[in-house]
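Please walk through the model shown below. The paragraphs after it take up its features one at a time.

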Amino acid sequence: MTYEVLPVPIFPFSDDQFRDLQWNLDRVQAEQLWSVSDGSGVTIAVLDNGFYPDHPDLRHNVVGQYDAGDQLSSVQSDRPECGTHGTHVAGIAAAVANNQIGVAGTAPGAGLYLVDLDYSERPGCPMDSTSLVRGIQHVVTGNSGSPHADVMNLSLGASTPLGEATQSALRAARDAGIIVVGAAGNTACNAGQPTYDPVSYPAAYPEVWAVGATDRNDGRACY
């Protein structure tokens, strides 16, 4: 008996410490695209809080930073209550791949521009629309008229509109050619049942690509 052997493409599997837990990369077939583009030449601005720019899985890709809240010279988080959310989000986007550390980013060759939005000296380390506007404007203004980033990630939100100043800043980002992505909201389910809550702001603005989460089976996520 003879068989017709059809060539099946194979792709590299990064050697990062927790790569085997990253089912999300498998679902979107990210690594299959790295030979075409791993994000090199693109900068992603992450507007968030809880940044550790010297994290060994991020620092190689950090190309800039700006503190839009406290107006300090560094976005380095120095209080536990400020959390690590920004570091987590930046890692999902562009953690260094194939360094045997942590995880692999979706676009591990992309640059990261970290914009801290919190007020670290205030109780609860809050963010607000004022620091958000300031952060967006900084990214848009950039250097010599060129924006600091090609993509802007906003994994944050509120249930109500954030004011005309916020939408105006988002409009300026869109007009500058920046792709703005926002979290639709982490309110998909209550006790396992869909809630169908409205998309949160700023993701609900037409200038923003609203993105929701799915689980490993491509169903609506309940986290």
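**Cavity, strands and backbone**

In this predicted model, the search for enclosed space finds one cavity of 30 Å³ or more. The largest cavity holds about 90 Å³ of space. Its lining is made up of 15 residues, and those closest to its centre are Gln76, Ser77, Asp78, Asp116 and Ser120. By residue class, the lining of the largest cavity comprises six charged, five polar and four nonpolar residues.

One of the residues closest to the cavity centre, Asp116, brings us to the strands, since strand S3 spans residues 111-116. Strand S2, residues 62-67, runs parallel to S3 and is joined to it by five bridges. Within this pairing, Gly64 has Tyr113 of S3 as its bridge partner. Between the two strands, the chain leaves S2, passes through helix H3 (residues 85-94) and arrives at S3. The handedness of this β-α-β crossover is left-handed.

S3 also pairs with strand S1, again in the parallel sense, and here there are six bridges. Leu47 is matched with Val115 of S3 in that pairing. S1 has a further parallel pairing, over three bridges, with strand S4, residues 151-154. There, Val46 stands opposite Asn153 of S4.

How many of the residues of strand S1 are buried? S1 covers residues 43-48, and six of the six are buried, so the strand is largely enclosed by the rest of the structure. The burial holds for both directions in which its residues point: Thr43, Ala45 and Leu47 go one way, Ile44, Val46 and Asp48 the other, and all are buried.

Next comes the covalent cross-link. The count of disulfides is one. It is formed by Cys82 and Cys125, whose sulfur atoms are 1.9 Å apart, which is within the 2.5 Å cut-off for a disulfide. The torsion about their S-S bond is about 90°, so this disulfide is right-handed. Cys82 sits in the loop between S2 and H3, whereas Cys125 sits in the loop between S3 and helix H4 (129-141); the two are 43 residues apart, and the pair links distant parts of the chain. Cys82 and Cys125 are both buried.

Some backbone geometry deserves a separate look. Most residues other than glycine have a negative phi, and most peptide bonds are trans. Gln29, which is not a glycine, has a positive phi near 55°. Its place is the loop between H1 and helix H2 (30-33). Gln29 counts as partly exposed because its relative accessibility is 46%, and the partly exposed class lies between 20% and 50%. Ser144 likewise is not a glycine and has a positive phi, about 55°. Ser144 belongs to the loop between H4 and S4. With a relative accessible area of 80%, Ser144 is exposed.

The peptide bond between Tyr201 and Pro202 is cis, with omega about 15°. Pro202 is part of the loop between strand S7 (193-194) and strand S8 (209-211).

The last stop is Leu6, in the segment before helix H1 (23-27). Is Leu6 buried or exposed? Its relative accessibility of 63% makes Leu6 count as exposed. Leu6 and Ala204 are 198 residues apart along the chain, and their C-alpha atoms are separated by 46 Å.

How values were computed:
Residues numbered from 1 in each chain as written. Predicted model: local features only at pLDDT ≥ 70, side-chain atom pairs only at ≥ 80, totals over all residues. Heavy atoms only, no water. Pairing = 2+ DSSP bridges. Helix = DSSP H or I, 4+ residues; strand = E, 2+ residues; numbered from the N terminus. Right-handed = clockwise from strand over helix to strand, strands pointing away. Buried < 20%, exposed > 50% of the residue type's maximum accessible area, 1.4 Å probe, protein only. 1 Å grid on protein atoms, 1.4 Å probe; cavity = no way out; pocket = protein on both sides within 12 Å on 5 of 7 lines; lining within 4 Å. Points joined across faces, edges and corners; volume = space filled by probe spheres on them. Nonpolar A, V, L, I, M, F, W, Y, C, P; charged D, E, K, R; others polar.
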